[in-house]
Amino acid sequence: MRYSAFQVLKNALTGNTGWKPVWRNPEPKKAYDVVIVGGGGHGLATAYYLAKTYGVQNIAVLEKGYLGGGNVGRNTTVVRANYLLDGNLEFYSKSLEMWETLSQELNYNVMLSQRGVLMLGHSDGQMEALARRGNANLATGDDAVLMGLDELRAFTPYLDFDNGRFPVKGGLLQRTGGTARHDAVAWGYARGADLHGVDLIQNCEVTGFRIENGAIKGVETSRGYIGAGKVGMAVAGRSSQLAEMAGMRLPIESHVLQAFVTEGLKPLINTVISFGMGHFYISQSDKGGLVYGGDIDGYNSYSQRGNLPMVEHVAEAGMALMPMLGRARQLRSWGGIMDMSMDGAPIIDTTPVDGLFLNGGWCYGGFKATPASGAAFAHLMATGQHADYAAKFRLNRFETGHLLDDEGTGPRPNRH
Ligand SMILES: Cc1cc2nc3c(=O)[nH]c(=O)nc-3n(C[C@H](O)[C@H](O)[C@H](O)COP(=O)(O)OP(=O)(O)OC[C@H]3O[C@@H](n4cnc5c(N)ncnc54)[C@H](O)[C@@H]3O)c2cc1C
């Protein structure tokens with residue numbers, strides 16, 4: 001069914017009895033041309049573009065839990081293209097361009113809200129770094145506005161500009177950045193993939209790979225063996241575990257990242273703001289909750305829940321920026337498992353096993369990457385060629401030293 005104003009009206013008049021399930025719930029077949037492991041944003045988007053753009057007919061997405069139960073439904077929904085380095089610049093620029101038409105593409109409202117993303121500067125050195133970043137964004141064709149103090153006081157009057165330790169000096173605003181509704185992205189891609197014939201198989205955990213003479217033959221799963229011509233891994237925080245089943249060791253560590261939301265408040269925060277003197281960022285959801293987060297918990301874990309020291313750290317950073325936050329009651333917090341790569345940038349590449357492909361290392365920035373990642377991974381799996389906008393996300397950069405360390409923090413996954 002194509003969603004439209006007409007359908008909404010028709011169903012309103014007929015007791016909403018005409019809506020159909022958004023995707024089928026098929027039994028797995030014995031074999032597929034392509035199997036994607038992981039029903040998160042990246043896996044679902046890859047399946048969608050493989051079917052739609054490249055006409056691949058016989059595809060399955062295998063998800064060990066339920067669709068969207070991973071990071072795609074746990075993130076803080078920030079979408080932006082204000083990176084610094086070649087490689088990241090063109091990729092996130094492409095992704096933001098795709099976000100702008102994604103609701104139309106999927107015929108599903110992903111609620112993109114281009115309310116802007118503001119990075120704050122608290123010292124002259126930071127303001128210079130922000131100017132450099134803004135120039136890189138402008139040179140890529142993206143927007144960037146360097147704001148001085150007066151302009152910023154008018155734009156975000158509720159910040160504590162004169163905080164004795166971290167006075168705010170200015171900021172870099174990307175007006176086209178903002179937020180999108182995370183679970184709608186999972187559902188929209190799932191629906192789109194299903195409409196193109198992709199089998200979405202939930203409660204199906206991949207437990208091993210069958211590899212013969214260096215080539216992939218299929219996957220062992222909790223629901224039996226499934227043959228496959230090609231297999232794409234898109235399991236985010238579980239990337240290292242899955243790759244190990246294929247005999248590979250990845251330059252990726254898994255860490256927990258938490259997020260928090262307050263009770264619903266009247267409209268207060270007009271943009272997405274990131275603090276420059278600590279890892280803290282905040283926006284306001286359409287329901288009024290203040291959504292915020294900060295650093296990863298800082299040690300390796302496969303647990304999807306966070307710990308109290310980071311709650312305290314994030315709350316302190318928030319209070320330094322907006323002391324009024326102390327009056328808001330926190331409603332919920334949760335965690336997701338991050339696939340932190342050694343340089344903070346992702347991997348979209350082939351592997352030493354013929355027919356086995358890798359999509360991972362998204363750290364805590366993979367939601368904004370979803371459209372371009374799906375398109376680039378589908379391109380690679382269908383054609384064997386790297387998409388030009390994702391050409392630098394190679395696995396061998398960790399051998400050759402061509403790292404994409406946007407944060408400039410060195411080979412420290414816990415710092416990216
Ligand atoms: C708290 C938090 C805040 C974040 N904020 C942002 C943000 O504001 N902006 C941004 O850009 N990014 C953000 N991120 C990062 C972003 O959510 C992730 O980088 C991105 O969602 C990862 O890709 P994915 O959607 O495919 O992952 P997931 O949704 O995690 O998908 C992977 C799937 O693989 C499945 N899987 C794992 N192992 C197996 C197996 N063996 N067999 C079958 N299936 C398996 C999992 O169950 C899961 O559903 C945040 C993440 C978190 C946790």
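The protein is divided into domain 1 (23-77 + 182-251 + 343-415) and domain 2 (114-176 + 253-341), with the bounds taken from an automatic or database domain assignment. The structure is a predicted model, in which local features need pLDDT of at least 70 and side-chain atom pairs count only at pLDDT 80 or more, while totals for chains, interfaces and linings use all residues. Residues are numbered from 1 along each chain as its sequence is written. The C-alpha centres of domain 1 and domain 2 lie 29 Å apart. Across the boundary, 22 residues of domain 1 are in contact with 16 residues of domain 2, contact being defined as C-beta atoms, placed from the backbone, within 7 Å. The side of domain 1 that touches domain 2 comprises 9 nonpolar, 11 polar and 2 charged residues. In this classification Ala, Val, Leu, Ile, Met, Phe, Trp, Tyr, Cys and Pro count as nonpolar, Asp, Glu, Lys and Arg as charged, and the others, Gly among them, as polar.

The ligand lies between the two domains, because both domain 1 and domain 2 give residues to the shell around it. A residue is counted as near the ligand if its C-beta atom, placed from the backbone, lies within 6 Å of it. There are 38 residues around the ligand, of which Gly 38, Gly 40, Gly 70, Gly 336 and Gly 366 come nearest. By class, the shell holds 14 nonpolar, 18 polar and 6 charged residues. Helix 2 (41-54) and strand 12 (252-264) each supply at least two residues of the shell; helices (H or I, at least four residues) and strands (E, at least two) are DSSP runs numbered from the N terminus.

Helix 2 also packs against helix 10 (residues 370-383), their axes coming within 7 Å and crossing at roughly 55 degrees. Axes are lines fitted to C-alpha atoms, for helices over the stretch in contact, and angles run from 0 to 180 degrees between N-to-C directions. Helix 2 is therefore oblique to helix 10, given that angles under 35 degrees count as roughly parallel, over 145 as roughly antiparallel, 65 to 115 as roughly perpendicular and the rest as oblique. The crossing of helix 2 and helix 10 is right-handed, meaning that the near helix is turned clockwise from the far one by less than a right angle, with anticlockwise giving a left-handed crossing. Residues making this contact include His 42, Tyr 49 and Thr 53 of helix 2 and Ser 373, Phe 377 and Met 381 of helix 10. The contact has 11 nonpolar, 7 polar and no charged residues.

With helix 7 (residues 182-195), helix 2 crosses at roughly 30 degrees, the axes coming within 8 Å. The two helices are therefore roughly parallel, and the crossing is left-handed. Among the residues in contact are Leu 44, Ala 47 and Ala 51 of helix 2 and Val 185, Tyr 189 and Ala 193 of helix 7. This contact has 10 nonpolar, 2 polar and no charged residues.

Helix 10 packs in addition against helix 3 (residues 88-99), at an angle of about 105 degrees and with the axes 7 Å apart. Helix 3 and helix 10 are therefore roughly perpendicular. Phe 91, Lys 94, Ser 95, Met 98 and Trp 99 of helix 3 meet Pro 371, Ala 372 and Ala 375 of helix 10. The classes here are 6 nonpolar, 1 polar and 1 charged.

How values were computed
Contact = placed C-beta atoms within 7 Å.
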